[in-house]
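The exercises below are meant to be worked through with the sequence and the structure open side by side. Try each task before reading its solution.

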Amino acid sequence: MRQVLARAIGGVAIIGLIAGAAACNKDSGGSDNAAGGSNCGYKLAFFGALTGSAANLGVNIEQGFELAVEQYNKQKGSDCITVAKFDSQGAAEVAPGVARSLVADKKIIGIVGPPFSGESEAANPIFDEAGIPTITPSATRTSLSASGWKVFHRAVANDDAQGPAAASYIKDVLKAQKVFVADDQSAYGQGLADVVKSKLGPLVVQSDKTEGDGKQTDFSALVQKVQSSGATALFYGGYYTNAGVIRKQLTAAGWKGTLLGGDGMKDPGLSKASGTQAAIGTVVTCPCSPPEAAGGTFVNDYKAKWNVAAGTYSDVAFDAANIFLQGIDAGNTTTEKLNTYLSTVNYKGIANTYKFTDKGELDPSLIKVWAFKFDASGDAVKDQEIKTS
Amino acid sequence: MNFSGLIDNFGPLTVAGLAQGAIIALFALGYTLVYGVLRLINFAHSEVFLVGTYACLIIWGWFGLDQNSARPDFGAMLGYMALGLVAAIVVSGTVALGVELVAYRPLRRRNAPPLAFLITAIGASLAISEFVGVATHRNQRGVPPIIQARTVITIGNTHITNLQILIIALALVMMFVLDRFINGSRLGRGIRAVAQNPDSAALMGVNKSRVISLVFLLGGLMAGIAAVMYDLKIGVTKYDAGFLLGIDAFTAAVLGGIGNLRGALLGGLLLGVLQSWAAGLFGSNWLHAAAFVLLVLILMFRPSGLLGESLGRARA
Amino acid sequence: MSDTAVATEKPKTSFRGSGGVRGWFGRQPGWVRAVVALAAAALAFLLPYVGDIPLIGPQLITEGIDWPSALFNMSYYVLLALGLNVVVGYAGLLDLGYVGFFAVGAYGTAILTSKDSVLYSHTGWAWLAAVPVALAATMLAGLILGWPTLRLRGDYLAIVTLGFAEIIRIVATNTQTFRGDRGFTGIPHPPGTWNGKVIFGVTDAIPYFWLGLVVIIAVIFGVRNLDRSRVGRSWLAIREDEEAAEIMGVRTTKFKLWAFSIGAFIGGLGGVLFAGEQGFINSSTFVLQFSILVLAGVVMGGSGNMAGAILGGALISYIPDRLRGISVGGTDLYEYRFAMFGVVIIIIMILRPQGLIPSRRRAMELKDRAKEVAPL
C-alpha cells in the first residue's frame with residue numbers, strides 16, 4: 001500500500017511540477033499599451049545567447065542594444081519601442097526553434113543578432129523568409145554574406161579584414177622575428193589564425209591548436225612549445241576565456257613575450273582570469289574604433305545602467321540598435337521599408353560609421369582596424385589604428 | 001604529426017603531464033572509492049571537486065586576495081595554503097556527504113536499480129554546476145598567486161618547478177595515507193568488508209550506512225585537495241571545470257582498474273603523461289582523443305583495467 | 001506527447017489491482033487495442049494545435065521557442081531515447097556516448113548533400129538519397145564500437161562508449177573533411193510539394209514534426225517486433241546474466257552487436273532528421289552532455305519499456321524548453337532552467353526509482369531480487 005501511495009504521489013507531484021511551472025507563466029505579450037508618439041508600438045529583438053556557456057558575449061551585446069532602446073524611449077518620453085529578447089544559447093541546434101518563435105511576433109521589425117556565425121547559419125534562413133532585417137554586431141564568418149540572405153547586415157568587418165591587420169601589426173609595429181600561432185579551432189579563431197599564418201609566412205616558427213572554450217584548461221603543452229620555440233610573440237585565434245588562462249600559464253612559466261589576438265579577446269574577462277599584471281601589454285585587434293573616440297557618453301552610461309564595464313561588441317550592438325531606431329523614427333515601420341532603409345543608410349555611430357554594401361557587408365572604405373592594448377586598468381585601451389594597404 | 005615537438009620537449013612535457021596526472025589521480029580516488037563499495041559511478045563527484053575550487057578562492061578572498069594581489073611571503077603563504085586546503089576539504093567533504101544524503105540514500109532505501117543512482121547523480125551534477133554557473137555569471141575566476149612557480153631543479157632542458165614538485169609529492173603522500181587508512185585502520189576494515197560483501201559485513205556488525213558516508217567523505221576530502229592543486233596549477237576556475245576534469249578522472253580510474261586505489265594513482269599519472277605527450281606530438285586539440293584511444297586499447301587487452309578491481313579483494 | 005502520457009498516470013491508483021491502464025489494455029481483444037493505438041497516434045499528430053485548446057492548451061505550449069519546433073526537437077529526442085532504450089534497456093549495455101551515432105547520421109547526410117562537402121562534386125545528392133547511405137554508415141559505426149567492447153562489462157563499457165562519442169566529436173572538430181566548427185551549410189530539406197508549395201520549408205516546423213512522428217511510429221513497430229522475437233529474448237537473457245545466457249546457448253556476441261547496430265540505426269535516424277530540418281550542422285552540437293541527457297531521459301521514463309522511453313525522451317526536451325520565459329517574483333527563471341531540471345531529475349528518480357512508466361518485466365525481476373538481499 002505504501003508503495004502504491006508513493007507512486008501515486010510521485011505521479012501527482014510530476015504533474016504538479018509541470019502545471020505549477022506553467023501556472024506562473026510570464027505574460028510575454030506584455031506592454032501592449034502602445035505608447036504615444038508617432039512610429040511607436042513596434043518591437044526590436046535581440047537574438048543570441050543569454051544563457052549557456054556562450055552567454056557572456058551575448059549579454060554584452062544585449063545590454064548595449066537594450067541601452068540604446070532605453071535611451072531612445074527616454075528621449076521620446078514614452079515606451080515607444082519595446083525590447084524583445086530571444087535566447088538561442090548560442091547553439092545552432094536551438095536557434096531555429098527560437099527564430100521561428102521570433103518571426104511569429106509580427107510586431108518585431110528588426111533584429112540585432114545573431115552574435116555567432118554558427119547560429120547565424122541556422123537561424124538566418126528563417127529571418128530571410130520572414131523578411132525581418134538583421135544586423136549582426138559580431139558574426140564575422142566571411143561566407144555569411146555570400147549566402148544570399150536579403151536581410152543580412154553585418155556591422156563589423158569580416159574575418160578577412162582583421163587577419164591582415166593583425167599580421168601587419170606583428171610585422172611592422174611589434175617587429176617580432178619569431179611568431180608562434182595557435183587557435184582554438186572555432187570557425188572564428190581558426191579563420192583568423194590561418195590568415196595571420198599565411199601573411200606572416202616565414203616569421204611563423206611553429207603552430208599549435210587547442211580545444212575550444214570550456215574544453216581545455218591545462219595548456220602546459222602549448223606553453224612548453226611556445227617557450228622552446230623561442231618565439232617572442234604568440235598570436236592566438238580564439239576568445240578571451242581561453243586566452244586569459246593561456247596568458248596566465250605563460251606568465252607563470254616565465255615566458256615574457258607578447259600575446260596577440262583578435263576582437264574575441266577584447267574583453268576585461270581576459271585580465272580578470274590572468275591577473276591584470278600578466279595581461280598588461282597583450283594586444284588585440286578589432287575592426288572597430290575606440291568608443292572614447294566618438295566623444296559620447298556611452299562608456300559611462302553603460303556602466304551606470306548595468307553596473308559593469310561595456311564588453312566586446314557592446315558598442316557595436318548599441319550602434320546597430322540606433323541604426324534601426326533612426327530608421328523607425330524616419331517612418332520606416334515595416335520590415336520591407338526598414339530593410340530598404342538599411343541598404344541606403346549612412347550612420348555615424350560610436351564605434352564606426354556604417355554603410356552597407358548590397359551583400360550586407362560593411363562598406364570596405366569604412367573598415368578600420370584598431371589595435372588595443374591591455375593596461376593597468378585591466379581593460380584593453382586604444383593603441384593605434386593599423387594601416388593595411 | 002610533429003615528432004620534433006615531442007622529442008625536443010620530452011622532459012618538460014613528461015613533468016607537466018605528471019603534475020596534471022597527480023591532480024587527476026587525487027580526483028579519481030573519489031570515483032574509485034565509491035565504485036569499490038557501491039558499484040556505482042558517482043557522477044556528481046565532479047561537482048564535489050568544483051565546489052572545492054571555489055571554496056579556497058572564497059576563503060582567500062576574505063583575506064583580500066584576488067588574481068591581482070602581490071605574492072605573499074613564505075610564512076603567509078603557508079598560512080594561506082593551510083586555510084585554502086582546509087576550506088576546500090571541508091566544503092568538498094560536506095557537499096559529497098550532501099550528495100550521498102540527497103541523491104543516493106533515498107534510492108538505497110527504496111532498493112532502486114543501479115541505473116537510477118547514475119541518473120540522480122547526473123541530476124545532482126547538473127543542478128550544482130548550473131547553480132554555480134548562475135551565481136558566478138558563468139565567468140571565470142582568477143586565482144591569487146599564492147605560490148610563485150619557480151624552477152628548483154634543472155635537468156637538461158627540463159625545468160622542474162616547486163609547484164610541480166608540491167603537487168606530485170602531495171598526491172603521493174595522500175595516496176599513501178589513504179592506503180594505510182583503508183588497510184590499517186578499523187574504519188578501513190569496515191570499508192573493505194562492505195566492498196567485499198555488503199550483506200555479510202552487515203551481519204558482522206558493520207554499519208553499512210556509516211561506511212558509505214565515510215567513503216563519500218574520503219572521496220570529497222581528496223577532491224578538495226585536488227581542487228586546491230588545480231587552482232594553483234591552472235590559475236583559473238569556472239563553473240564547468242569539474243565536469244571537464246571529471247571525465248579525465250573517471251577515465252583514469254577505469255584505466256587503472258576502478259575500485260582500486262593504486263590503480264587510480266597509476267591511471268591518473270599515466271593519463272596525465274600520455275595527454276601531455278599527445279599534445280606535443282599531435283597538437284593540444286588531440287589530447288583527449290589520444291587518451292580515449294589508449295583507454296580502448298588497454299581495455300581490449302585488460303578488460304578490468306591495468307591493476308584490476310580490488311578494493312575489497314585480497315589486498316587493497 | 002507529454003500531455004497524453006501524463007494523462008494516463010491519473011487513473012492508475014483506482015484500478016491498480018487489475019494492472020492499471022496497461023493491464024486493461026493488455027486484456028482487450030486485438031481490434032480494441034488497434035483502435036486505441038490508432039487514436040493515440042492520431043492525437044499525437046494533432047499536438048501542434050494543442051495551444052488552441054482553451055485553458056489547458058496555453059499552459060502546455062512552450063514560450064520563447066516556437067511550439068512546433070519544440071515538438072520537432074522532442075521527436076528527435078524521442079527517437080534517440082527509443083534507440084538508447086534498445087541498447088541500455090533491452091540489452092543492458094550502458095552507453096554513455098550515444099550521441100556519437102546521432103552525429104554519424106547527421107554527418108553522413110551532410111557530407112553527401114552539402115555544397116561545403118569535399119564530395120559535393122561527386123555526390124551533391126538530395127536529402128532522401130543520402131538517408132540510406134547515412135543510416136548504413138551509422139549501423140557500421142555501431143558495429144565498430146560494438147566489436148572491440150564486447151568483452152567489457154558495465155561501467156567499463158560506459159567509459160569506452162563515452163570515449164567513442166568524444167573521439168567522433170574531436171575528429172569532426174579537428175579535421176578539414178568534417179569542417180569542424182565551420183560546419184556544413186545548405187543541407188537540403190526533405191522533398192515534397194503540396195498545392196505547389198514546398199512542404200518542408202524553413203519557417204514552419206509542423207511538417208518536420210509529423211515526419212518525425214511517422215518515423216517514430218515505424219521504429220516503435222520495428223522494435224516491438226524485435227523485442228518479441230528471439231532477438232528480444234536473447235537481449236533479456238544477456239541483460240540478466242551474460243554467463244548463464246552464453247551457457248544456455250545464446251550467442252551473446254551476435255546479439256550484443258545486434259543491439260549496438262539497431263540502437264545506432266535509430267540514433268542515426270534522429271541524426272538525418274535533424275540535419276534535414278536544420279540545414280546546417282557543426283561539431284559543437286554533438287557534445288557529451290547531450291548523450292548524458294538522453295540516458296537520463298530513458299532511465300527517468302522507465303528503462304526497458306518503450307512507453308517509458310518515449311515519455312522520458314519527450315520530457316528531457318520539453319522541460320527545459322517549457323521553463324523558458326517563466327518568471328517567479330520578478331526574476332526570470334531563464335538562467336535557472338538547467339539547474340531546476342537537475343533538481344526535477346532527482347525528484348522524479350527518488351519518487352519513482354523504476355522510472356515514470358516502469359517496465360513490467362523488470363519490475364517483477366527486481367521484486368524477486370529484493371527478497372534476496374538483506375534490508376539496509
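**Exercise 1.** In this predicted model, how many residues of helix H7 (residues 220–229) of chain A are buried, and why can the helix be called largely enclosed by the rest of the structure?

*Solution.* Begin with the criterion, by which a residue is buried if 20 or more other C-beta atoms lie within 10 Å of its own. The residues of H7(A) that meet it are A:Ser220, A:Ala221, A:Leu222, A:Val223, A:Gln224, A:Lys225, A:Val226 and A:Ser229. Because 8 of the 10 residues of H7(A) are buried, the helix is largely enclosed by the rest of the structure. As a last step, look just past the helix, where A:Gly230 follows with a positive phi, near 75 degrees.

**Exercise 2.** Determine what the radius of gyration of chain B says when set against that of a compact globule.

*Solution.* For 316 residues a compact globule would have a radius of gyration near 20 Å, and the 19 Å of chain B agrees with this. Next, consider the box filled by the C-alpha atoms of chain B, which is roughly 60 × 50 × 35 Å along the principal axes. Finally, 60% of the residues of chain B count as buried, and the chain holds 12 helices and 4 strands.

**Exercise 3.** Describe the side of chain B that touches chain C.

*Solution.* First count the participants: chain B gives 42 residues to the contact and chain C gives 37. Then assign the chain B residues to elements, where H5(B) supplies the largest share, 12 residues. Sorted by class, this side of chain B has 29 nonpolar, 7 polar and 6 charged residues.

Key. Residues numbered from 1 in each chain as written. Chains lettered and ligands numbered in written order. Predicted model: local features only at pLDDT ≥ 70, side-chain atom pairs only at ≥ 80, totals over all residues. Helix = DSSP H or I, 4+ residues; strand = E, 2+ residues; numbered from the N terminus. Nonpolar A, V, L, I, M, F, W, Y, C, P; charged D, E, K, R; others polar. Buried ≥ 20, exposed ≤ 12 C-beta atoms within 10 Å, placed from the backbone. Rg over C-alpha atoms; globule rule 2.2 N^0.38 Å.
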